[in-house]
Amino acid sequence: MAVLSDVADALKMAGSMTWQITWSLVLGFALSAVVQAVVRRSAITRMLGDDRPSTLVKATGLGIASSSCSYAAVALARSLFRKGASFTAAIVFELASTNLVIELGIIMALLLGWQFTLAEFIGGPIIIVLMAVFFRLFVRTRLIDAAREQAEEGLAGSMEGHAAMDMSVQGEGGFFRRLLSADGFTSVSHIYVMEWAAVIRDIAIGLVIAGAVAAWVPDSFWQGLFLTDHSLLSGIWGPIVGPVIAVLSFVCSIGNVPLAAVLYSGGISFGGVISFMFADLIIVPILFIYRKYYGTRMTLVLLGAFYVTMVLGGYVVEILFHVFDLVPAHAQATVVEEGIRWNYTTVLNIVALAVTLVLLVRFLRTGGREMLAMMGGGPDDMGHHEHAGHEHEEHEEREGHEG
């Protein structure tokens, strides 16, 4: 009975956290879908052909606009690299598309506080600069050539079909004209549902892990692990151990936020949370994918580069936020909220679920099932993919005219 009670406590906490962040996830994915509906993949590749600072700024902005789950982002970065993007620009794009996105920032503000959202968007560019310097100093041309040769083999990783799909509006016209068209509605619905399908597993796992850790792991364990009795050592140790915990959690960036809230309430340093959040790109399953994509040597280089830059980025953020007195109290992190109550969260969740229902109906009526079936395809299966929803609409229109 004690075991069942513990499981019930973990699930209750996971459920409460789910209810607390549902509307923010819907808002984030909806805004991301709107942006992606008008950003064409072909334009992205053309802009990332070298590793100049201006190109890396573009890679960062385009990554933010092309919000993706960690697995799809890794697959898309390999696709960009194969099509001519520089290796550094592709990796910067990958990092930005998973860690500098709207939905992540909103959830961090809800569960951790606005300071963490600000830190994420300050720490991201810092880590990108450090990564670019690392590649310039230590990654030789012959290693990149070997990685490109391996990438050209087209070995499948995860979410390849999803990463290869260009679901943006293909018609002419300005931003709002394309967005407000029938094709624009279809594009938004397809991107929205596909993004949910790509991350729902990791979000669910992250919430369950966070609920279990919050319910079962005593505060004394975290306090000992994070050296909370020694403020200086805790600040040094946090960014070092944060990525290690992330690597072992097997969860993507958005799914990591509830666990980050648990860790911060348990005593990990502010910089440690930032390092932890960025380390979703070196979790064990993704390291195996890197090995398929780029070979063993480049995988080790990526592991070292990501880890070192994330630790250093955590230190810089920690120092900056202490200097400006922006580090929040550990008790501010929201691990769980009391059940479902009639408040602004409930109202926003009802609106969010209604929006989701509308987009889901549009998705299913415009070829969505076929697209879901192609999510796990190989990296070259979508080479000639066209937006199935648009074709479906054109077919419906033709039938209507004939009738």
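In the predicted model, the crossing of helices α15 and α17 is right-handed. Helix α15 covers residues 270-278 and helix α17 residues 296-323, and the two pack with their axes 8 Å apart at an angle of about 145°. On the α15 side the contact involves Phe270, Gly271, Gly272, Ile274, Ser275 and Phe278, which meet Met310, Val311, Gly314, Val317, Glu318 and Phe321 of α17. By class, the residues of this contact divide into seven nonpolar, four polar and one charged.

A second helix pair was examined in the same way. Helix α6 (residues 102-111) packs with helix α7 (residues 114-138) at an angle of about 145°, and the axes are 6 Å apart. From α6, the residues Leu104, Gly105, Met108 and Ala109 take part, and from α7 the residues Trp114, Phe116, Thr117, Glu120 and Phe121. Six nonpolar, two polar and one charged residues make up the contact of α6 with α7.

For the protein chain as a whole, the secondary structure comes to 20 helices and zero strands. The chain has 403 residues, of which 54% count as buried. When contacts between residues at least 6 apart in sequence are considered, 85% of them join residues at least 24 apart.

Individual buried positions give examples of contacts across the sequence. Ala14 is placed in helix α1, which spans residues 2-38. Its relative accessibility is 6%, and Ala14 therefore counts as buried, the cut-off being under 20% relative accessible area. The C-alpha atom of Ala14 is separated by 6.9 Å from that of Ala210, a residue 196 places away along the chain. With neighbours within four places in sequence left aside, Ala14 is in contact with Leu207, Val208 and Gly211.

Thr345 belongs to helix α18, residues 344-365. This residue has a relative accessible area of 2% and is therefore buried. Residues up to four places away in sequence not being counted, Thr345 touches Trp19, Gln20 and Trp23. These three partners have numbers that fall within the range of helix α1, residues 2-38.

Val251 is located in a loop, between α13 (231-249) and α14 (253-266). Despite the loop position, Val251 is buried, because its relative accessible area is 1%. Outside the residues up to four places away in sequence, Val251 touches Asp202, Ile205, Gly206, Ile209, Asn256, Asp280 and Ile283. The C-alpha atoms of Val251 and Arg201 lie 9.1 Å apart in space, with these positions 50 residues apart in sequence numbering.

Aromatic side chains were considered next. A search of the whole structure finds 15 aromatic pairs. In one of them, the ring centres of Phe134 and Phe135 are 6.4 Å apart and the ring planes stand at 70°, so this pair is edge-to-face; the cut-off for that class is an angle over 60 degrees. Both Phe134 and Phe135 are buried. Ring pairs join these two residues with Phe81, Phe87, Phe138, Tyr290, Tyr293 and Tyr294 in a cluster. One member of the cluster, Tyr293, also has a charged neighbour over its ring: Arg78 lies over the face of Tyr293, at 3.8 Å from the ring centre.

Backbone torsions with a positive phi in residues other than glycine were found at positions including Leu227 and Asp325. For Leu227, phi is near 55°. Leu227 is found in the loop between α12 (219-225) and α13. With a relative accessible area of 30%, Leu227 is partly exposed. For Asp325, phi is about 55°. Asp325 lies in the loop between α17 and α18. At 68% relative accessibility, Asp325 counts as exposed, since the class applies over 50%. Asp325 thus lies in a loop that follows α17, the helix that packs with α15 at an angle of about 145°.

Technical notes: Residues are numbered from 1 along each chain as its sequence is written. This is a predicted model: local features need pLDDT of at least 70, side-chain atom pairs count only at pLDDT 80 or more; totals for chains, interfaces and linings use all residues. Side-chain values use heavy atoms; hydrogens and water are left out. Helices (H or I, at least four residues) and strands (E, at least two) are DSSP runs, numbered from the N terminus. Buried means under 20% relative accessible area, exposed over 50%, partly exposed in between (1.4 Å probe, protein chains only). Contact means heavy atoms within 4.5 Å. Axes are lines fitted to C-alpha atoms, for helices over the stretch in contact, and angles run from 0 to 180 degrees between N-to-C directions. A crossing is left-handed if the near helix is turned anticlockwise from the far one by less than a right angle, and right-handed if clockwise. Ala, Val, Leu, Ile, Met, Phe, Trp, Tyr, Cys and Pro count as nonpolar, Asp, Glu, Lys and Arg as charged, and the others, Gly among them, as polar. Rings of Phe, Tyr and Trp (its six-membered ring) pair if their centres lie within 6.5 Å; planes under 30 degrees apart count as stacked, over 60 as edge-to-face and the rest as tilted. A charge sits over a ring if NZ of Lys or CZ of Arg is within 6 Å of the ring centre and within 35 degrees of the ring normal.
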